[in-house]
Every structure is written in C-alpha cells, then in structure tokens.
Amino acid sequence: MSTAEAAATAQARAPGSTIKFSSPRQIPVVGVVTEDEEAQGVFKPVDLSCVIKLLEETGKDDLEEKQLKSVKKMVQCYQNGLPLRDLAQIFKILNLCAGKIKKQPHFIEPACNILKLCGLPFLKKKVSDEITYAEDTANSIALLGDLMIIPSSELRIQICKCIIDFYHAEPPKQHITGYQQASSSYKIKMAEVGGLAKTMVQSLVLFENQLVEKLWVLKTLQHLSASEVNCTLMVKAQAASGICAHLNDPDPSGQLLFRSSEILWNLLEKSSKEEIIQQLSNLECLLALKKVFKNLFTRGLSHYDRQLRNDILVITTIISQNPGAPMIECGFTRDLILFATFNEVKSQNPLVKGLKFSNSYEDFELKKLLFNIIVTFCKDLSTIQLLIDGKVILALFTYVKKPEKHKIVEWSAAQYEELQLHAIATLSSVAPFLIDEYMLYQGNAHVLAFLEWCDGEDSFFSHGNSFHGTGGRGNKFAQMRYSLRLLRAMVYLEHETIHKDLCEKRAIQQLIAYVNAWRGKKDQTAASLLIKLWRKEEKELGVKRDKHGKIVDTKKPLFTSFQEEQKITPLPANCPTIAVMDVAENIRAKIYAVLGKLDFENLPGLSAEDFVTLCIIHRYLDFKIGEIWNEIYEEIKLEKLRPVTTDKKILESIITASENIGKMVASLQSEMIESQACQDVQNEQKVYTKVQATHKQRELANKSWENFLARTSNVKTLKKAKRLQEKGIESSRYSEHPPNAVFHPTDIKGLHTTVPSGGVVTVESTPARLVGGPLADTDIALKKLPIRGGALQRVKAVKTVNEPEKSVPA
C-alpha cells in the first residue's frame, strides 16, 4: 500500500478536519472551586468548547500563543484522567492540534501531552457512562490510528505508547471527587470496536525506511494481536503478508524479527488459519522465511536465536500444508530436507559443512520439527524426487536399530529414544510413497531385525516420556508398536515385491511368535481375543447358534441372516455368489487365517466356550466349500439342468460330506459341553464337600465348647465326665498284670481343675538358708533378702510324674 493509499483510507477522519460524533456535547458546566477542593482532586474550570473554537480560528497574529496556552491549561486540568463525558471534545482538540503540526511544529508538544493523558484510565461519573459514551469512545480511540499519517516521529511514537498503555493501565495520580475509574478492559474493547488494529496495520507502509517508528508500530500490533477481534481486523488489512515480507529488513536490535514472528503466531492462533496460510503462500513471503531460517540455522548460537528459529520452522510447516505454496520454486523444500538429514547422511553441501546439533532442548525440538515437515512434504507428489535425492529413507532408517552401547552420540538416552520412535512414525508416512527407496535400503530386513530385538530379553530401560512412547516406560512396547505400524503401512499397499520379500524373510513366523506372547487385560491371549471377536461377529451377522454356541443347522453352519433372506439366483460364471461375497464382507475368514497360522492344536488361555467356538473356526474352510457347492447344486436346479449320473453322484456326495462334517462338529461340541458340565458338577461337589467339612468342623468346635462350659458350670456334668474318663482308663488297662511290671497312678489327688492337666513337676522345698528357717515369714524373708553378686546357684533336680527322672535347670 502506498503512502497516498494509506492517507486515503483515513480521509474520513483526517487530522484538522471536523469529527462527527454521535452525541454532540454542549458546553460542560464547570463550577468554581477553592484551593482545598483542587488539592482533593476536583477538576479545574475549563471550557472545552472555547478551546475548540479558539483552535479553529485562523488569521490573527498572536493566535498560536493563545491556542497553545489554552491547550496547556486543558492538559493541566485533566492530569488525573479523562472523563468519558468529555472524551469526544478532548479528542477533537487532539485532532485539531495534530492538523497544525505540519505548518506549526510547536503543536507537537501539546498533542503529545494529550496522548499521555489518554494512557491514564478513563473516568466515569455514573455506572452507565461506559455504555452511554461507548460510541464516542470507540470513535475517539480509532482516531489514534488515523493520526499515524502525521509526519512527526515524536507524535507517532507517543501514539504507540498511548495504545500500549491500554494493556498496562496505571491508576490515576489522585482520586477525583465524584468520579470512578472505568473498567480495565474498557479501552481494549473500544479499540476493537473502533477498528484501531486495522488502521495501525495500514500505517506500516509509511515506515518502510524508518526503523524506530516501525518497531514501535510492531510492538503496538503485538499487544493488539492478543485479541481475536483485532486479529480478524488485521487479517483483513493483509497483516500477515505485509509483516512477513519485511522480516529481513535491516535491524541491528533484532526486535523486528522477534515482534514480527510473535504477531504471525498470534494471527495463526486467533484468526482464520486458512486465510493466513493463503496470505503467506507467495514467493515473496517464502523467500523471506527461507532467508531468516537459513541465517538462524547456520549462524544462530544463542538460546533466543534457536527459539526464534524453531518458531519460524513451525510457521513454515503450517504454510507447507497448502499445496499451492511455492515451497519448491523458492528452494525452501530442498534446504529443509538437507537440514533434516545432514546429521545422518553425510553431505558435501557448504550450507551444512561444520554444522552439528547439540543436545540442547531447542536443537532437540528442531530435529522433531524437521521430521514433521518431511511428513508434510510427502503428501505433495511433486516433492517425491527431492525426498529421494535427499536420501530421506536412508536417514530415517539409521534410527531403526537397537541402541549401541558405549557410543558417543549427540543426544541423551531419553532424547535418542524419542527421536527413534519419531523417525519410525515418520517412515510409516513417507515410505509408502518411496517404495523403491524402501526396498533399495532393505527396509523389511531392518524392521524385522529391529522387531527381533524388541522381542528379545536384552536389558533395556526405556523412558517412555513422550507422546510416541506412551505405555513404553521400562519396556520395548512403544518400539514394537511403531515397527508394526510401519510394516502394516507397507503391507497395506498390496505391493507384490514387498509381500514376497517379507515371506522370504520369514516375517509370518516371526510375527506369529506377540502374537502368541501377547497378553491383554486379565491375562487374555490373542487366540482368546480372536475367538471372542468371532462370536461377536456372528452375533451381529445373525448366525444361528444355541445358548452354548453350538451349531444349530448342520446343513448351513455358517449362514448369516442376510444369506437366509436372499434367494439363490443363477449368475454368470464371472460373478461372485452370496457365499463367496460373504468371505470378504466380514472378518471370519481373516480370523480363521490368523488362528490357522497360530496352530489350532496349541492355543493357550482358552475357556470351554472358546473351544466350542474353535471347533467351528477350525472347519470354516470345509463349511464354506460346502456352501459354495450347495449354491452350485441349487443353481443347476433353478436352471433346470440335469448333470450326468457320475457328476450328480459326486455332487451329492460332496454335499453329504459337508453335512456330515457339520454333524461331526456338532457332536464334538456336545461332548465338550457335556464334559464341561460334568467338570462343573465335580468342581461344585468339591466346593460343597469343602463347605460341608468346614461346617462340620465348626459344629464340633461349638459342641466341644458347650461341653467345656457345662463341665465348668455344672458339678453333675463334671462328675459324669470324670466317671467316663475313669471308665475309659480302666477299659484300656490289661486284665492281667505282667510279672515284675511297675504301674503308676494316672489320677491326680486333690485336683480341682475341670480341664485336662499337663505334666506335673515336683519341686523340693526352698533351702532354709534362703528363707531364714522353717518358722520365718516368707514375705518378710523375701523383703529382707540381701542382694549378692555372682552367678545364680543350681538347685537340686526335680521330678516329673510319669516321666523318667532328669535334671532341669531352675
């Protein structure tokens, strides 16, 4: 936009011209106040209408001095803030002063002083003033953008400072009696309503060769772009392309690049991303971004430079999503591919000669961002040759290997792991577009070897602290997951060369081994999961099964409800029948194929219900062949054809054999169900027996306790128990005593206990030397017992009744 065009946009509010506000103000009534009232913050008497009238006059000799004096007096009056009710007239005075600056430079100072007052909070006398004077306030603030065309650096800078103060409001210097401060966000809202952001963007064309003013405007736009409303206005003024095109303008301070990138970020986040991408998708903007990124990539050393470099790359990545962006034409794509791969694939390009990544956070983020933009590039077929020339596949495959110990690398262990997972994920997106390159660098061999390491027992402590490493802390699950996704992406292409190469490298046998080792929730195996999916699929298809999952119709064991509804009609030989189409329309055939590779006879972790279903899956192919032959037979009947005798017998024998297989499977299922029922009964009986034994033991314990209580509380019961005991003892004795035999009495005389006694110990009396003689008081003797040193003395041996005599330490 030229200077003339910018001036034309502000013609309606040109400085010095008459401003039309929605509510013309009458002469404000200002009373006379005392010195005390002035000290308390009451406004000094100023007739704003007189000031405006004086500024509009022309042709008198001493007019300028009077005008300056009147404006100065007004500024002094409003040192504590501008009332909303007077705002329209004050900004009209500002406009008149600004219009005189070109011929009368002395008006710069009063105009700047008024702008300084605008940085203070606006004041309201009533709560409703914010709504009442909203239109006047919005028009007044919009005037600030129009005043930027005044050719005064001091005024322009002060306007920018004034707008920035909207976001850093300071409280009034003194409380004004009868007024209160407007809400802190009021100015910001009025700036949005007045469209200030748009006029500030348009004013940028006025400062192409004036760095100081340009930096102040960019700082102002940086604040304004924090609002979605302002961002929308800025986009309409082509802010994105206008700012981006001048990223490389000379600026020793570095502020221009920093503030410009911040504004672009805000525009992308808070306005239409599609519109911003469209504005930046031109050769001028991309060349500017390319130059900035190359300079920061090759020469940026500070923490700030690296952060800025990454921000520019993110903006570039967003632009590259537009297929119409001339990324290739400006050479930016080739450079970015070089920067993404130079560390893995040695290059003689002088642009990267001597460059090296550090393990700083910024360089680590840059590497991941470069992987991301490669994924974006591969979606544009015109970049395929550049990806081949840059050996992107080879560079990414350098990460598809087990971590090498004792090797000095640029990245820490956690960083390398995250880059490894990111690289494999990138391969999943890029490799399908570069099949020849994938095969040239033995992609399948790399992935299968890596999977073998993932399945091995090597000690490997993964960090699992990234998006790609979710669920992989302390294990190799994340590496397995992304490797399998890569293989799936390649197999999905249905490329004959890839499939043949995988089969030659025994990929199926290697993969059969997750699958078998895989365990899900509650230790569920892969086979159990697949059988469960089969049952779910058959339920949705309406296949007839009884409550145990057994075959109901042995003639049509796989028929779905759709097949039952459809009538068989004769079809040409090249048209698939309903039975054939059923194979492709559900997952039963796939489950059969996978379980077949897993070996039907050795599937771990299956329940009885799973085995019943497995019988059907095992015979899926036989049943499906029977269905097809049955369709052939029915079509022959419908076409009223009569096969020769031999063919008819063969056809009938095939159908009969298929039905017999169904009956055999149903019989086998019945045996399994009965066996499981018997097993359940046995298990139930075992549990019942265990419960019964527990209850019996509890009853015996209760009865024993009741007997014990009876013996302790009833003397008759005790005597009865004693008699029973004595009777039992007598019945256990010999009727004739052997000669020379010694018998010991078993009863204990003088016993008053009601429970069986333990071993009885006879202890000799305490020696007299310890208790003071036979007549000494035992308690007194113990109290007077002298304390002597030395070891304790042994007492004589004790005797135990019914036991051999032995020495027992006291």
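Zero disulfides are found in a search of the whole structure, which is a predicted model. A disulfide is a covalent bond between the sulfur atoms of two cysteines. Two cysteines illustrate the surroundings of such side chains. Cysteine 575 is partly exposed, its relative accessible area being 33%. Cysteine 615 has a relative accessibility of 10% and is therefore buried, since the cut-off for that class is under 20%.

**Surface patches**

Two patches on the surface may be described, one charged and one nonpolar. The patch of positive charge brings together Lys716, Lys719, Lys720 and Arg723. One of these residues, lysine 719, belongs to helix α36, which covers residues 715–732.

The nonpolar patch consists of Trp518, Leu529, Leu533 and Ile587, and together these residues have about 290 Å² of accessible area. Within this group, leucine 529 is placed in helix α29, spanning residues 526–541. The relative accessibility of leucine 529 is 31%; this residue can therefore belong to a patch, because patch residues must have over 30% relative accessible area. By the classes of burial, leucine 529 counts as partly exposed.

**Leucine 571**

Another leucine, at position 571, is located in the loop that runs between α30 (561–565) and α31 (578–585). Leucine 571 is partly exposed, at 35% relative accessible area. In sequence, leucine 571 is 64 residues apart from glutamate 635, while the C-alpha to C-alpha separation of the two is 8.2 Å.

**Positive phi at two glutamines**

Most residues other than glycine have a negative phi. Glutamine 238 has a positive phi, near 60 degrees, without being a glycine. Glutamine 442 likewise is not a glycine and has a positive phi, of about 55 degrees. The settings of these glutamines are tabulated below.

| Residue | Phi | Loop | Relative accessible area |
|---|---|---|---|
| Glutamine 238 | near 60 degrees | between α13 (228–236) and α14 (239–244) | 41% |
| Glutamine 442 | about 55 degrees | between α24 (435–440) and α25 (443–455) | 41% |

Glutamine 238 thus lies in a loop between two helices, α13 and α14, and is partly exposed. Glutamine 442 is placed in the loop between α24 and α25. Which class of exposure applies to glutamine 442? With a relative accessible area of 41%, glutamine 442 is partly exposed, because that class lies between the limit of under 20% for buried residues and that of over 50% for exposed ones.

Terms used: Residues are numbered from 1 along each chain as its sequence is written. This is a predicted model: local features need pLDDT of at least 70, side-chain atom pairs count only at pLDDT 80 or more; totals for chains, interfaces and linings use all residues. Side-chain values use heavy atoms; hydrogens and water are left out. Patches are made of residues with over 30% relative accessible area and no salt bridge: like charges are joined within 9 Å, nonpolar side chains (Val, Leu, Ile, Met, Phe, Trp, Tyr) within 5 Å. Accessible areas come from the Shrake-Rupley method with a 1.4 Å probe; for residues, only the protein chains shown count as cover. A salt bridge is a side-chain nitrogen of Lys or Arg within 4 Å of a carboxyl oxygen of Asp or Glu. Lys and Arg count as positive and Asp and Glu as negative; His and the chain ends are not counted. The place of a charge is taken as NZ of Lys, CZ of Arg, CG of Asp or CD of Glu. Helices (H or I, at least four residues) and strands (E, at least two) are DSSP runs, numbered from the N terminus. A disulfide is a pair of cysteine sulfur atoms within 2.5 Å. Buried means under 20% relative accessible area, exposed over 50%, partly exposed in between (1.4 Å probe, protein chains only).
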